[in-house]
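Trainee: I should like to request a close look at a single part of this model. Please begin with one position and its setting, and then proceed to the spaces and the core around which the account can be built.

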Amino acid sequence: RLSCSSHWVIHDHRIVDRPTLPGTTYLEMVRTALDKYAENQTIVMEDIYFLTPIVIAVNEEKEIRTFIKKQAPDDGNGRGNEISPAYTFSIATRLRPGEDSWVEHARGKALIKAKEKSRQYDINKLLEQCREKELVYHTPADPDGFIREGAMGFGLRWQNIKHIKFGKDQCLGILELPTTAAEDVDLYKLHPALMDVATTIYRRGADDQTPYIPLFYKRLKIK
């Protein structure tokens, strides 16, 4: 059951003051559902569509589920290939179990592949390459604990940007959860708030700062 009183991930993410589940939460839900099949292998999500947002009232609850269906993987020639197990996934909610129909909010595809070695980045080298511009964040929250960017409102865990350094066609953002939320790193591999902010890092250096909401992710690989 999803509610503002028990889930910070929707309580602390507002669009026009309405609690709205961020799309990055769907990614963590699917990753969690696939984890027991992956057995520490690489999970690849593809063609992830956000169909309609999950919005709830402050005093409301909704039942939310992740539906996973195994597919016959395709080797590119229309033939099944059991080397990489393939799945489709869907996220859906309903307000009154047993009475309402499921409303689909997101869908996509996933593959489980052999474990891949994670790429290591030289942070010092990136810092040297990102010296053209720097943004430092000290955004004070409103009395209700939220910071606001246009029609968007963000609670404590979204207040995680320390600074961003920009270079030619690249940037390096430093994100850090507040101390009171530090234990989150033991619970989430794709932290919804950190991921949500990370997807905005590069465009924060652009002249046009009009807020936007992504409706599609092409590919995400979790090693």
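**A buried loop residue, the pockets and the core**

Mentor: In this predicted model, N160 is placed in the loop that runs between β10 (152–154) and β11 (161–167). Is N160 buried or exposed? Its relative accessible area is 0%, and because buried means under 20%, N160 counts as buried. Which residues does N160 touch, once those up to four places away in sequence are set aside? They are I174, L175, E176, L177, A193, L194 and V197.

Two of these contacts of N160, L175 and L194, also belong to the lining of the second largest pocket. The volume of that pocket is about 530 Å³. Its lining consists of R119, Y121, C171, L175, L194, M195, A198 and K223. Both β12 (170–175) and α4 supply at least two residues of this lining, and α4 gives the most, with three residues. Sorted by class, the lining of the second largest pocket holds six nonpolar and two charged residues, with no polar ones.

The strands that flank the loop of N160, β10 and β11, lead to the largest pocket, for each of them supplies at least two residues of its lining. The same is true of β2 (13–15), α2, β9 (147–149) and α4 (192–198). The space in the largest pocket comes to about 840 Å³. There are 40 lining residues, and those closest to the centre of the pocket are H13, M152, F154, D196 and T200. By class, 23 residues of the lining of the largest pocket are nonpolar, twelve are polar and five are charged. The element that gives the most to this lining is α2, with three residues.

Helix α2 also takes us to the interior. The largest nonpolar core comprises 39 residues, and Y26, M45 and I54 have the most contacts inside it. Helix α2 (residues 23–38) gives the most to this core, with six residues. M45 deserves a closer look. Apart from its neighbours within four places in sequence, M45 is in contact with L27, V30, R31, F89, K109, A110, K218, R219, L220 and I222.

To draw the account together: α4 contributes to the lining of the largest pocket and to that of the second largest pocket, whereas α2 contributes to the lining of the largest pocket and to the largest nonpolar core.

Notes. Residues numbered from 1 in each chain as written. Predicted model: local features only at pLDDT ≥ 70, side-chain atom pairs only at ≥ 80, totals over all residues. Heavy atoms only, no water. Core = buried A, V, L, I, M, F, W, Y, C linked by side-chain atoms within 4.5 Å. Buried < 20%, exposed > 50% of the residue type's maximum accessible area, 1.4 Å probe, protein only. Helix = DSSP H or I, 4+ residues; strand = E, 2+ residues; numbered from the N terminus. Contact = heavy atoms within 4.5 Å. 1 Å grid on protein atoms, 1.4 Å probe; cavity = no way out; pocket = protein on both sides within 12 Å on 5 of 7 lines; lining within 4 Å. Points joined across faces, edges and corners; volume = space filled by probe spheres on them. Nonpolar A, V, L, I, M, F, W, Y, C, P; charged D, E, K, R; others polar.
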